[in-house]
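Me: I am new to reading protein models, and I would like a close look at one single part of this one. Could you take me slowly through one strand and what lies around it?

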Amino acid sequence: MNQLIEFRLDGVVCMGQKGQYIVDAASDNNIYIPTLCNIPGIKPRGACRICSVRVNGKLMTACTTPVSEGMDIESKSADIEDLRKAIIELLFTEGNHFCPACERSGNCELQALAYRYQMLVPRFKFQFSKRTVEASHPKLIKDHDRCILCKRCIRAIKDEKGRSIFAFGKRGHQVEINIDTKLSKNMTDEQALEAAEICPVGAILKKEQGFKDPIGQRKYDNEPIGSDIENLALQ
Amino acid sequence: MNKAIIATTSLAGCFGCHMSFLDIDEKILDLIELVEFNKSPINDIKKFTKMCDIGLIEGGCCNDENVHILKDFRAHCKILVSFGECAIMGGLPALRNTIPLQECLDEAYLNGPSVVGNNEKGIIPNDEELPVLLNKVYPCHEVVRIDYHLPGCPPKAELIWEALYALVTGNPLKLPYEIIKFD
Amino acid sequence: MDKTVDVIIKKFNADKTRLMDILIDTQDEFGFIHESAADQISNTLDISRVDLEQTISFYHFFSTKPRGKYTVYINNSVVAHMAGRKDVVKAFEIEAGCKIGQVSHDGLIGLFNTSCIGMSDQEPSAIINGVVFTRLTRFRVKEIVKNIRAGIKVEDMFQASYGDGNNSLEIIKAVVNNHIMKKGPVLSLDYTFGNAILKIIKQNPKDVIEEVKLSNIRGRGGAGFPTGLKWDFCRQSIGERRYIFCNADEGEPGTFKDRVIMTERPRLLFEGMVVAAYAVGASEGILYLRYEYKYLHKYLDSILEEMRHMHFLGKNIGGKKGFDFDVRIQLGAGAYVCGEESALIESAEGKRGEPRDRPPFPVEKGYLGQPTIVNNVETLCAVVKVVLNGGDWYKSFGTSVSTGTKLLSVSGDCRYPGVYEVEWGFSVDDILEMIGAEQVQAIQVGGPSGTCIGPNEFDRILGYEDLATGGSMIVINNKRDILKDIVLNFTEFFIEESCGSCTPCRTLPILMKDKLIKIIEGKGVMQDLMDIERWSGIMKANRCGLGHTALNPILSTLKNFRHLYLDKIQKGVEFDTGFRLEEATKIGRLVTNRN
């Protein structure tokens, strides 16, 4: 099954397995392509668009597009990097991301990407959208202010019968992620923790715990996101 | 070499950014070799006495007074720097931005659980001396042109120092990963 | 447990993939999908409530709250505005005693906006409890509300006359008019129903595809993918079964030609589906009909039934052993994005109409994971003629690059709006003469997702080599304010219709709308125009066509009508955030009684 193929990523000749998604193949070659909505091992959705790369002249999401023999992929071009930065900024201005007051600060993937991309100049107007905080679920807090609508929770967390505990509601700029009132009552502690951990930002929090990592020891305090992949290349 | 002239202010902020500024510790001695302070809460100069090179703005704009001061800074400073999350994106004061102003004031002065009996007439403070609140808290760059932004809540002292040093001396700004943080 | 809901669920075998039908029937039965019905559906289908709600809340015509005994959806398209929608809305609000977006206190009437309902040649229009009303006037609104208060059913409200052609059939009874202004090979009547089926079943399916390839016909929905190639891909894909979808989700504002085809040439259309089925080896067909055209549902069903009797559908079609194919109609529920083929498939599977990631393409993995073709109504009709008369015959129409004809939906400021079937290669000037348009300032070609051109480009020709179009042509005369009347409305349309999945499409059009309003209000500066142009590239990262074209209204006018923007921006002002202290303190002063 594991058919090895050759492709080029930013001019570098890489090897990958047939059918492997670009983002995973890149990672195997110690090249980091930023992602936000992607979760390894779960069917990708291409929602955030941060992993956009140019394949044969066309923008494609690296998390949903399989590599193929001879594929020529562009990832680090200035325009693509700026596109990613723009998407990060759009997410910051769309929701209400008050980092100083967020439990996930320092461990947040959105914030980490903003650090990596040096988001220093606000280019888009802050929307200050009306969002709510839902604290009625026994094990979880859902802070819609911070939700980036990546669908990770929707895709990853199901009940024992495979039913969705999380789901989208509405559409367009009104889209939100809802939690099933009935099913959330039966969530175990492990499941609630898993949901909180799968969330790349601080939109899903497990109740009765927080701020467990001191400042300075949080995931992205000292090393940019993606370093784990890139550092392997340096060794 | 002429010293660069600096002005600072805190609008809708908590003065935390100014505190962080003072956290540059002994480098403050280096700083005063490089710069001279004009209008600033640090030296308590209340009015601009001359054109300045750099203005540091802490806090966003939550009322008309903030807007007037910010515009005054823009008029008197060649370079304007937003420092801290409040100046850059409204910060914690902007938590009210998703709630209509009327509702905020009603909650604070009329209906809130802490309002006990002594506001029978239902008065929302309206003295002429009080600044008028804006419909929402505005990041500074959504009011006037801002040249640079230093993130953080507060921005790290090293970041403030590095940025000021680079601006004053014209040296390139060093931005190691660790010093840019939003919290 | 509600018996009615139970009957509805059972009617669709408690099949999750038929959720759209279950919800549509429930909504129609009760006027909204109430709490207990939703519980019952989710319990019976064994899906969670949030899962159910994510489908319900995606579609414009579903509601979990009552929307009035009579629910009035007033068309909010550009052309409706041109035709005097404002007065109609005002009349409805006065007569009903509630504002748009609300239900009257007695719960009798609900007033709501809706995106283009495909009646651009007879605006202003509205849909009331599924019945279409066109050419509304203040007087007509008064009459309608009076009838409502008298308890008359909408179906019984017309006394005068119904529309032309089949619109007046007992089974349709619509006041809608066809306005067929020019016929060509597709609309012409010189064809005998069923002949194409009887012809192809004697051929090898591959030869049918070859003939379609030879004709060089391309998808008529707008994207223009070569039809023969699509069929070939589907035929070659591996799957347990194959599906033919007809995309009748005609949602591009200003388009209505599919509605006319389905009213006047439904047999031709279904014959096209049978041809496609034979060519690719499909066993099931689905006509995805937009909810706005629900008034044609029964009629179309009756044609399908007729075809079954004639052995043009069902088992052993035309006597050909083993050629089994049938068609069902799938209603949509109000979502423009479902016109995108993979979103349409998602919707037909009972889910939110979010476009899928590609690859895989629908021809490989489409409906229920099987190879699927999605073709436009017009394409399928044209294919029948190709099969009957040959690919070479078809190529004798149009240009060398764009073969055949195109049905245009003409609306806006012209004397003769309606459907025109013209050969590709006509210039815009030719068309303007034909439709009686004068003092034209601009033409919106291809709807909001297309392009807005001015007189200096009216010599351009319609065709894939120049002005490609799905057929919508909106004429804009000299009196219109393009930025305010056209561009703003189109931009709001895209904001309303985005599925919300991709970050850029969900967020950027809102910021662009802010910029546009800033410019219209005279607060804009050159930097704003530069921002718009620079930021627009971000939209290329979106997944689907909606996301790619959502800024076209702004971008194409910024390119072709730049002077309108330059006139509006401030002279001699380089920088302006748009902030005005006066406006920002308005509420603060009001609340504290200070001036």
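Reply: What follows is a walk along one strand of chain C and then into the core around it.

This is a predicted model, in which local features need pLDDT of at least 70 and side-chain atom pairs count only at pLDDT 80 or more, while totals for chains, interfaces and linings use all residues. Residues are numbered from 1 along each chain as its sequence is written, and chains are lettered from A and ligands numbered from 1 in the order in which they are written. The pLDDT is the predictor's confidence in each residue, from 0 to 100; for chain C its mean is 96, and 99% of the residues of chain C reach 70 or more.

The part to look at is strand β6 of chain C, residues 243-248, where strands (E, at least two residues) and helices (H or I, at least four) are DSSP runs numbered from the N terminus. Six of the six residues of β6(C) are buried, and a residue is called buried if 20 or more other C-beta atoms, placed from the backbone, lie within 10 Å of its own. Tyr243(C), Phe245(C) and Asn247(C) point one way from the strand, whereas Ile244(C), Cys246(C) and Ala248(C) point the other way.

Two strands are said to pair if DSSP finds at least two bridges between them. β6(C) pairs in the parallel sense with strand β7 (residues 284-289) of chain C, over six bridges, and Asn247(C) has Tyr288(C) as its bridge partner in β7(C). β6(C) also runs parallel to strand β9 (residues 372-376) of chain C, to which five bridges join it, and there Cys246(C) has Asn375(C) as its bridge partner.

Now consider Phe245(C), taking two residues to be in contact if their C-beta atoms, placed from the backbone, lie within 7 Å. Leaving aside residues up to four places away in sequence, Phe245(C) touches Ile286(C), Tyr288(C), Leu344(C), Ile345(C), Tyr367(C), Thr372(C), Ile373(C) and Val374(C).

A nonpolar core is a set of buried Ala, Val, Leu, Ile, Met, Phe, Trp, Tyr and Cys residues joined through C-beta atoms within 7 Å. The largest such core has 250 residues, and Phe245(C), Val274(C), Val275(C) and Ala276(C) are those with the most contacts inside it. Helix α12 (residues 266-280) of chain C gives the most to this core, with 11 residues. In soluble globular proteins, nonpolar side chains tend to be buried together.

Notes:
A residue is buried if 20 or more other C-beta atoms lie within 10 Å of its own, exposed if 12 or fewer, and partly exposed in between; C-beta atoms are placed from the backbone.
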